[in-house]
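Me: Please take a close look at one part of this model and work outward from there. I would like to know what packs against it, which charged side chains pair on it, and how the rest of the chain compares in outline.

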Amino acid sequence: MQVILIRNPGTETGFDVALAPTDTTATAAVLIARYDSRWTIETCHQEANAHGVGDPRNRVQRAIERTVPFGFLNQTITIAWYQLHGDPEADLTARRKAAPWYRQKTTVSYTDMLAALRRELIRHEYWAQAPQTPTDPQITAALSPSAQAAA
C-alpha cells in the first residue's frame, strides 16, 4: 500500500487529499490521474444514493435489478434536461441569495438541477389547470373606451 498526500497550490500547511491505493507498481502521477477520473463517477453515485437510488424498497430480486438502473436513468434524464433547458446562472444567484454561506458555490449540483426540474413540472401543472385564453377577445379595439374616445 502507498500513501499519497496531495496539496493544492496555495495551501501552506497540511494536505487537501489523502490517497491510499493498494497498487504499489503505479507511479503517483498515474494514481492521481485514476483518482481524478473516478471523481465524477463517485459524485454521481453519492448524488444517486442521496436521492434513494441505492435503497430500493422492494424485495423481489428482479425488481431490485430494475430499480437501481431506472434511478440512474432518471438522474441522466434530469441532467440532460438541465443541460438543454436549465439556467445555471439564475439558479446559482438564487442559491447564493437564499443561503449566504454558499458564496463560494460556482457550479450547480444535481440537487439544484432536480429542484429546477420540479419547479418547471409544477409550473406546467399549474398552467395546465388554468382556464384557456379565449380565442375571441371580449373587448376589441373598435369597442374599447379608448378607441371610442379617439373617434
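Reply: A salt bridge here is a side-chain nitrogen of Lys or Arg within 4 Å of a carboxyl oxygen of Asp or Glu. The model is predicted, so local features are limited to pLDDT of at least 70 and side-chain atom pairs to pLDDT 80 or more, while totals for chains, interfaces and linings use all residues. Residues are numbered from 1 along each chain as its sequence is written, and side-chain values use heavy atoms, without hydrogens or water.

The part chosen is helix α4, residues 110-129. Helices and strands are DSSP runs numbered from the N terminus (H or I, at least four residues; E, at least two). The protein chain has five helices and two strands, in the order β-β-α-α-α-α-α along the sequence.

One salt bridge on α4 joins the side chains of E120 and R123, at 2.5 Å from N to O. The two residues sit three apart in helix α4, which means that about one helical turn separates them. E120 is partly exposed because its relative accessibility is 24% (buried is under 20% relative accessible area, exposed over 50%, partly exposed in between, with a 1.4 Å probe and protein chains only). R123 has a relative accessible area of 40%, so R123 is partly exposed as well.

A second salt bridge reaches from α4 to another helix. The side chains of D91 and R119 meet at 3.1 Å, N to O. This pair links distant parts of the chain, with D91 in helix α3 (residues 88-98) and R119 in helix α4, 28 residues apart. The two ends differ in exposure: D91 counts as buried because its relative accessibility is 14%, whereas R119, at 47%, counts as partly exposed.

These two pairs are among the five salt bridges counted by this rule. Another, away from α4, joins the side chains of R38 and E42 at 2.4 Å, N to O. R38 and E42 both belong to helix α1 (residues 28-50) and stand four residues apart, about one turn of the helix. R38 is partly exposed, with a relative accessible area of 39%, and E42 is partly exposed too, with 38%.

The packing partner of α4 to look at next is α2. The axes of α2 and α4 lie 9 Å apart, and the helices pack at an angle of about 75 degrees. Axes are lines fitted to C-alpha atoms, for helices over the stretch in contact, and angles run from 0 to 180 degrees between N-to-C directions. The two helices are therefore roughly perpendicular to each other (under 35 degrees is roughly parallel, over 145 roughly antiparallel, 65 to 115 roughly perpendicular and the rest oblique).

On the α2 side, N74, Q75, T78, I79, W81 and Y82 take part, and they meet Y110, M113, L114, A116, L117 and E120 of α4. The residues of this contact (heavy atoms within 4.5 Å) divide into eight nonpolar, three polar and one charged. Here Ala, Val, Leu, Ile, Met, Phe, Trp, Tyr, Cys and Pro count as nonpolar, Asp, Glu, Lys and Arg as charged, and the others, Gly among them, as polar.

Two residues of α2 show what this contact involves. Q75 lies in helix α2 and is buried, because its relative accessible area is 4%. Beyond its neighbours within four places in sequence, Q75 touches C44, E47, A48 and Y110. W81, with the same neighbours rule, is in contact with G86, M113, A116, L117 and E120. E120 thus appears both in the contacts of W81 and in the salt bridge with R123.

W81 also belongs to the largest nonpolar core, whose seven residues are W81, Y82, L92, V108, M113, A116 and L117. Such a core is a set of buried Ala, Val, Leu, Ile, Met, Phe, Trp, Tyr and Cys residues joined through side-chain atoms within 4.5 Å. Helices α2 (61-85) and α4 each supply at least two of its residues, and α4 gives the most, with three. Another core lies apart from it and has five residues, among them I6, L19, A26 and L31.

For the chain as a whole, 18% of the 151 residues count as buried. Among contacts with a separation of 6 or more, 37% are between residues 24 or more positions apart.
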